[in-house]
Amino acid sequence: MRGQRSGDRDEGSRELVARGSWLVTRGSWLVARDSWLVARCSFPPATSHKSSVTNKSPDTRHHTPDTSHCLLFTIYYLLFTLLVGCGPDHQLKRAEKLIEKEQHLDAAVSLERFYNKYPTHKLAPRAILKSAGIYNYKMRLPSKAASLYKTVLASYGDFADYAAEAMRGLLKSPDYFPLVHGASWLEGDSASGGTNMRAEWKVLEVSTGVFELSKKFMAAGKIVTKKKSFFKHEKFALIESPAIKSSIAWIFLEYPLNPGKKWSSVRAGKNVIFSIDSATNRVETRAGVFDDCLKISERYHDMPGVVKYNYYAPYVGWVLTTISTGKVEHRNSELISYKIPL
């Protein structure tokens with residue numbers, strides 16, 4: 001079925017290209033022909049000097065424009081303009097201009113319409129992916145973005161690059177852990193607001209799709225230790241590892257990010273069970289108040305009865321860590337400030 005669908009798309013593309021070429025050729029011929037007609041309509045035939053002298057009452061019929069040909073020319077010219085001016089290239093350029101003007105909704109809708117009108121065009125999957133990105137990051141409409149990413153998987157799942165980007169998009173709709181080059185967070189202990197302990201986080205994209213997260217831990221203004229970890233997306237998961245090239249890695253987040261989702265990994269030699277407890281938490285920190293936070297629990301086999309909770313805010317990332325030894329959570333550290341480049 002996949003091969004047949006791909007073949008149908010190729011055949012459809014060839015048919016569209018052939019038809020478009022015929023229309024442009026036909027339009028060009030009509031413009032050339034009727035340009036001559038306009039000249040014929042606009043100017044009377046040349047007469048000899050002799051006839052102009054001897055015939056004082058020239059036949060005015062020679063000066064009357066041929067209105068039927070002029071009308072045909074106008075119709076053909078308008079049709080040709082519409083065919084050329086409203087084609088796929090024109091629509092894509094219009095969408096790009098809307099993006100430059102930061103007219104995000106109009107740009108997203110324009111790209112979506114392009115996909116709906118030209119689903120077999122070679123740039124259709126790129127257009128729908130760009131539209132999804134606008135809905136997700138510019139307009140903060142993750143549900144709409146997710147539906148478009150699913151459309152890409154359904155329509156272009158045979159294409160590895162498009163499928164991989166759509167999978168990443170689904171995991172990041174919304175984005176609970178934004179890996180953006182130059183992004184930084186300041187973590188501080190909740191008791192003193194970072195006076196006693198703080199950690200500076202910074203993200204760098206060290207290679208395409210691979211991000212380094214460095215943490216510098218400080219106490220009393222002095223650096224205590226440093227730590228680095230590396231992240232990359234693999235299908236529907238965000239993978240963390242201690243080095244760029246390492247046989248040791250574990251799942252940091254995994255789609256779908258819904259309450260009840262569980263997975264297990266071995267981290268630092270310890271078996272850890274992760275669970276998404278809820279996704280509607282309101283968290284107050286020194287960096288601000290964050291709604292719809294994801295709450296993920298961590299349970300260790302060698303620490304029965306102790307549960308660690310991490311809270312992640314949409315498009316911000318980590319905001320709070322608590323520790324529980326029963327029914328009460330004790331705040332351990334929280335977000336003091338952050339900066340995420342657009």
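**Figure 1. Arg-286, Arg-331 and Glu-334 hook up in a network of salt bridges.** This close-up, like the others here, comes from a predicted model. Within the network, the side chains of Glu-334 and Arg-331 meet at 3.1 Å, N to O. The two partners sit in rather unlike surroundings: Glu-334 counts as buried, at 3% relative accessibility, while Arg-331 is partly exposed, with a relative accessible area of 41%. If you want the wider context, a search of the whole structure turns up 13 salt bridges.

**Figure 2. Lys-295 and Glu-329 pair up between two strands.** Their side chains form a salt bridge, 2.7 Å from N to O. Lys-295 belongs to strand E9 (residues 288–300) and Glu-329 to strand E12 (residues 329–339), so this pair ties together parts that are 34 residues apart in sequence. Is Lys-295 buried or exposed? Lys-295 counts as buried, because its relative accessibility is 12% and the cut-off for buried is under 20%. Glu-329, for its part, is partly exposed, with a relative accessible area of 30%.

**Figure 3. Asp-291 meets Arg-282 in a salt bridge.** Here the closest N and O atoms are 2.7 Å apart. Arg-282 is exposed, its relative accessible area being 56%. Asp-291 is partly exposed, at 40%.

**Figure 4. Trp-201 and Trp-318 stack on one another.** Look for the two ring centres 5.3 Å apart, with 25° between the planes. The pair links distant parts of the chain: Trp-201 is in strand E2 (residues 197–207) and Trp-318 is in strand E11 (residues 317–324), 117 residues apart. Both tryptophans, Trp-201 and Trp-318, are buried. Trp-201 has another contact worth a look: the charged end of Lys-215 sits over the Trp-201 ring, 3.8 Å from its centre.

**Figure 5. Four aromatic residues gather in one cluster.** What makes up this cluster? The members are Phe-177, Phe-231, Phe-252 and Tyr-312. For the structure as a whole, the count of aromatic pairs comes to 14.

**Figure 6. Arg-140 places its charged end over the ring of Tyr-315.** The spacing to look for is 4.1 Å, taken from the charged end of Arg-140 to the centre of the Tyr-315 ring. Put this view beside the Trp-201 close-up, where the charged end over the ring belongs to Lys-215.

How values were computed:
Residues are numbered from 1 along each chain as its sequence is written. This is a predicted model: local features need pLDDT of at least 70, side-chain atom pairs count only at pLDDT 80 or more; totals for chains, interfaces and linings use all residues. Side-chain values use heavy atoms; hydrogens and water are left out. Rings of Phe, Tyr and Trp (its six-membered ring) pair if their centres lie within 6.5 Å; planes under 30 degrees apart count as stacked, over 60 as edge-to-face and the rest as tilted. Helices (H or I, at least four residues) and strands (E, at least two) are DSSP runs, numbered from the N terminus. Buried means under 20% relative accessible area, exposed over 50%, partly exposed in between (1.4 Å probe, protein chains only). A charge sits over a ring if NZ of Lys or CZ of Arg is within 6 Å of the ring centre and within 35 degrees of the ring normal. A salt bridge is a side-chain nitrogen of Lys or Arg within 4 Å of a carboxyl oxygen of Asp or Glu.
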